[in-house]
Amino acid sequence: MLRSVILAASRSSQVERLVATAPFTRDVVRRFVAGAGTDDALRATRALVADGQAVTLDYLGEDTTNPEQANATRDEYLTLLRLLSAAGLTPAAEVSVKLSALGQLFDEQLAYDNARAICAAADAAGTTVTLDMEDHTTTDSTLDVLAKLRKDYPSTGAVLQAYLRRTESDCRELSGAGSRVRLCKGAYKEPESVAYQSAREVDKSYVRCMNVLMSGDGYPMLATHDPRLIAIGEDRARWFDRGADRFEFQMLYGIRPEEQQRLVGEGYTVRTYVPYGDQWYGYLMRRLAERPANLMFFGRALVSKK
Ligand SMILES: Cc1cc2nc3c(=O)[nH]c(=O)nc-3n(C[C@H](O)[C@H](O)[C@H](O)COP(=O)(O)OP(=O)(O)OC[C@H]3O[C@@H](n4cnc5c(N)ncnc54)[C@H](O)[C@@H]3O)c2cc1C
């Protein structure tokens, strides 16, 4: 219930104004977002790579409504990739891209052209791109763009969301040789017609999808902070004899950092998803919705009036 309210608020420009201008917001944002600028992104990446982690960088922004904004997002990724390469941070660091930030909602061809330019820059920098998955109305379009990009850039990563009923079948489709697939639970508010609603059903779906990916020929990227699913992932890695170069765990910046370090210590590849930029509102609200206990963090910041 609370999750639905927070996710509904994530689409409200009125609530956005309220949250964005509140004095305590900065402290909350800082926990989940590396900073506003490219230099903040590089600094966070450097620190994580020094700690033995891999990174995927997300320039925040989504639901872009005009070509200028979409092209500006593309250009930021091109700059970022150039700087990552110059700093020797590739291939440890790759980028995650939301097609809606590149124009998908009003011009799918423009989103494809922009994503293709980013893939070309990533390729030149010796690294990869993963297409984030957004709400279910964009799934087919995103998978179509992915298929086109993979013709020239086969390492382009997909994201599949275990809460969608279709995902087990999508996992089968995308479990072929070389296919990089991030499996996550899913972060949007989705209707029952397309998505499992209870946490138990979503977790069961996640395990079924993980079995398909881990027993397949691709490169699974298990994106979760859930201790039970991580333990099952470790178990499946043993079953299917997948070493650190044949799958990875992924987690979000600022969430369970000790667990990230524990897994690195166990010899696993762990990639942290590092968001940066000033368009943090939708991202932050999804993080709050996942764990309403995070609202306490908001509450404490509010009381301390910093
Ligand atoms: C690398 C990465 C990339 C992602 N990309 C996408 C994407 O492209 N599309 C998409 O829809 N979703 C994406 N997600 C989000 C994902 O779908 C989930 O919403 C999110 O990961 C929470 O699910 P969980 O598996 O961690 O399990 P949950 O059941 O939500 O959490 C399990 C435990 O993890 C901890 N935890 C989880 N979330 C938080 C939090 N916000 N703050 C503090 N502790 C927390 C808590 O201890 C919690 O009990 C991504 C997640 C990751 C890790």
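A salt bridge, as the term is used here, is a side-chain nitrogen of Lys or Arg within 4 Å of a carboxyl oxygen of Asp or Glu. With that in hand, let's walk through this structure, which is a predicted model.

## Salt bridges

The structure contains 20 salt bridges. A good place to start is the pair formed by the side chains of Glu94 and Arg180, where N and O are 2.7 Å apart. This pair joins distant parts of the chain: Glu94 belongs to strand E2 (residues 93–97) and Arg180 to strand E5 (residues 180–184), 86 residues apart. Are the two partners buried or exposed? Glu94 is buried, because its relative accessible area is 0%, and the cut-off for buried is under 20%. Arg180 is buried too, because its value is 8%.

A second pair brings Arg271 together with Glu248, and their closest N and O atoms are 2.7 Å apart. Arg271 sits in strand E8 (residues 270–276) and Glu248 in strand E7 (residues 248–252), so this salt bridge ties together parts that are 23 residues apart in sequence. Both Arg271 and Glu248 are buried.

The third example stays within a single element. Glu259 and Arg262 form a salt bridge with closest N and O atoms 3.0 Å apart. Both residues lie in helix H11 (residues 257–265), three residues apart, which is about one turn of the helix. Glu259 counts as buried because its relative accessibility is 11%. Arg262, in turn, counts as partly exposed because its relative accessibility is 33%. What else joins in here? Glu234, Glu259, Arg262 and Glu266 are linked in a network of salt bridges.

As a general point, side chains of opposite charge can pair when their charged atoms come close.

Here are the three pairs side by side:

| Salt bridge | Closest N and O atoms |
|---|---|
| Glu94 and Arg180 | 2.7 Å |
| Arg271 and Glu248 | 2.7 Å |
| Glu259 and Arg262 | 3.0 Å |

## Around the ligand

Now to the ligand, which sits in the largest pocket. There are 24 residues around the ligand, and the ones that come nearest are Lys185, Gly186, Thr224, His225 and Glu290. Which parts of the fold supply this shell? Strand E4 (158–161), E5, E7 and helix H12 (281–290) each supply at least two of its residues. E7 gives the largest share, three residues. Strand E7 is also where Glu248 of the second salt bridge lies.

Looking at individual atoms, an N or O atom in the side chain of Lys185 is 2.7 Å from an oxygen atom of the ligand. His225 also places a polar side-chain atom 2.7 Å from a ligand oxygen. Arg287 takes part through its backbone, with an N or O atom 3.1 Å from a nitrogen atom of the ligand. How much of the ligand does the protein bury? Taken alone, the ligand exposes 940 Å², and the protein buries 86% of that.

## Asp132 and its partners

One more residue deserves a look. Asp132 lies in the loop between strand E3 (129–131) and helix H7 (139–152). Asp132 counts as buried, because its relative accessibility is 4%. Its side chain makes a polar contact with the side chain of Arg182 at 2.9 Å. The Asp132 side chain also makes a polar contact with the side chain of Tyr273, at 2.5 Å.

Methods:
Residues are numbered from 1 along each chain as its sequence is written. This is a predicted model: local features need pLDDT of at least 70, side-chain atom pairs count only at pLDDT 80 or more; totals for chains, interfaces and linings use all residues. Side-chain values use heavy atoms; hydrogens and water are left out. Helices (H or I, at least four residues) and strands (E, at least two) are DSSP runs, numbered from the N terminus. Buried means under 20% relative accessible area, exposed over 50%, partly exposed in between (1.4 Å probe, protein chains only). A residue is near a molecule or strand if one of its heavy atoms lies within 4 Å of it. A polar contact is a pair of N or O atoms within 3.5 Å; within protein, one must be able to donate a hydrogen and the other to accept it, and residues adjacent in sequence count only if both atoms are side-chain atoms. Accessible areas come from the Shrake-Rupley method with a 1.4 Å probe; for residues, only the protein chains shown count as cover. On a 1 Å grid over the protein atoms alone, a cavity is a set of points where a 1.4 Å probe fits but cannot get out, and a pocket is an open set with protein on both sides within 12 Å along at least five of seven lines; lining residues have an atom within 4 Å of a point. A molecule sits in a cavity or pocket if more than half of its atoms lie within 2 Å of its grid points.
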